[in-house]
Amino acid sequence: MPRILASREVQEKSVDGSVYAPPKAIVRDFVAEIGETPRCLGFSLRGRIGRLRYLAYSLPGYVVTFISVFMVGALNGRGGSPSVGAVAVVVVIGLLGVFLSIRVVILRLHDLNRSAWWILLAVVAALTLPFSRVGVGVGVLVIGGLYLVASLVLVFWPGSRQSNNYGSPPGPNTLWTVLGALVTIGLSLTGTATSPPGKLGSGGFEATFGGERQRR
């Protein structure tokens, strides 16, 4: 019986004239196809971005938001009521910064195979939790903790290696992606280091919970 099977195998291999001919089996690599990577500046919400590209693509949102905040401070420092055109420009720039920031989060959620509706859930929680029975102070602390956890997940949690519900994996990171991510990290660390400690630290905590104790 083994000799019959061996002879059949030799006959099948010798069809092409050589016993050492390569096999005809179809071999498929399990390497994911690379999809079209979303651009840094754009309005499309389709596609996926990885962790490093998420940091790099956050840079335009930071810059636009900083410009809008600077313009608000400049208008307040001039004294008097600003013109309608100046207010409209500030509003448009501020909305652009918000959109760019939300767009980056959506693309990163797509890489985690998660829907953009998670952002709406976070917004609803941020608007309702401080005014619930837990109180403003506890609500603010809970929202801050959830925001920190969500930020860490977006930065460190790896995306789907294969294609998911939102497309194929993004392309490889370029040198500009690495530089943009480093600049974003530097700006975040600089802003955290230069912010007044009492602004969001002990002063804000005491003001919030001090008022709670006085009401009790």
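## Terms and overall fold

Helices, as the word is used in this report, are DSSP runs of H or I with at least four residues, numbered from the N terminus. The structure described here is a predicted model, and in it the chain has eight helices and zero strands. Read along the sequence, the elements therefore follow the pattern α-α-α-α-α-α-α-α, under the helix criterion just given.

Of the 216 residues in the chain, 21% are buried. Among the contacts with a sequence separation of 6 or more, 75% are between residues 24 or more positions apart. The accessible surface of the chain comes to about 16000 Å², and carbon and sulfur atoms account for 68% of that surface.

## The nonpolar surface patch

A nonpolar patch of about 700 Å² lies on the surface and is made by Y62, V63, F66, I67, F70, V183 and L187. Two helices, α2 (51-78) and α6 (175-194), each supply at least two residues of this patch, and the largest share, five residues, comes from α2.

F66, one of the residues that make the patch, has its place in helix α2. With a relative accessibility of 60%, F66 counts as exposed, because the cut-off for that class is over 50%.

## A salt-bridge network at the end of helix α3

Side chains of opposite charge can pair when their charged atoms come close. A search of the whole structure finds two salt bridges. In one of them R48 pairs with D111, the closest N and O atoms being 2.8 Å apart. Since R48 lies in the loop between α1 (2-13) and α2, whereas D111 belongs to helix α3, this pair ties together parts of the chain that are 63 residues apart in sequence. Both R48 and D111 are buried.

The other salt bridge joins R108 to D111, again with the closest N and O atoms 2.8 Å apart. R108 and D111 are three residues apart in helix α3, which means that about one helical turn separates them. R108 is buried, with a relative accessible area of 0%, and D111, at 4% relative accessibility, counts as buried as well. Through salt bridges that share partners, R48, R108 and D111 are joined into one network.

## Neighbours of the network: L109 and H110

L109 is found in helix α3, which spans residues 84-111, and at 10% relative accessibility L109 counts as buried, because the limit for that class is under 20%. Leaving aside residues up to four places away in sequence, L109 touches R114, S115, A116, W118, I119 and L154. L109 and Y166 are 57 residues apart in sequence, while their C-alpha atoms are 9.5 Å apart in space.

H110 is likewise found in helix α3, and its relative accessibility of 8% places H110 among the buried residues. When residues up to four places away in sequence are not counted, H110 touches L45, G47, R48, N164 and Y166. The contact list of H110 thus includes R48, the residue that forms a salt bridge with D111.

## The second largest pocket

The second largest pocket has a volume of about 270 Å³. Its lining consists of 15 residues, and of these G50, R51, D111, G159 and S160 lie nearest the centre of the pocket. Helix α2 gives the most to this lining, with three residues.

D111 therefore appears in two settings, since D111 is one of the lining residues nearest the pocket centre and is also joined with R48 and R108 in the salt-bridge network.

## The loop after helix α3

N113 lies in the loop between α3 and α4 (117-128). The phi angle of N113 is near 60°, a positive value in a residue other than glycine. With a relative accessible area of 27%, N113 is partly exposed, because this value falls between the limits of 20% for buried and 50% for exposed residues.

How values were computed. Residues are numbered from 1 along each chain as its sequence is written. This is a predicted model: local features need pLDDT of at least 70, side-chain atom pairs count only at pLDDT 80 or more; totals for chains, interfaces and linings use all residues. Side-chain values use heavy atoms; hydrogens and water are left out. Buried means under 20% relative accessible area, exposed over 50%, partly exposed in between (1.4 Å probe, protein chains only). Contact means heavy atoms within 4.5 Å. Patches are made of residues with over 30% relative accessible area and no salt bridge: like charges are joined within 9 Å, nonpolar side chains (Val, Leu, Ile, Met, Phe, Trp, Tyr) within 5 Å. Accessible areas come from the Shrake-Rupley method with a 1.4 Å probe; for residues, only the protein chains shown count as cover. A salt bridge is a side-chain nitrogen of Lys or Arg within 4 Å of a carboxyl oxygen of Asp or Glu. On a 1 Å grid over the protein atoms alone, a cavity is a set of points where a 1.4 Å probe fits but cannot get out, and a pocket is an open set with protein on both sides within 12 Å along at least five of seven lines; lining residues have an atom within 4 Å of a point. Grid points are joined across faces, edges and corners, and a volume is the space filled by probe spheres set on the points.
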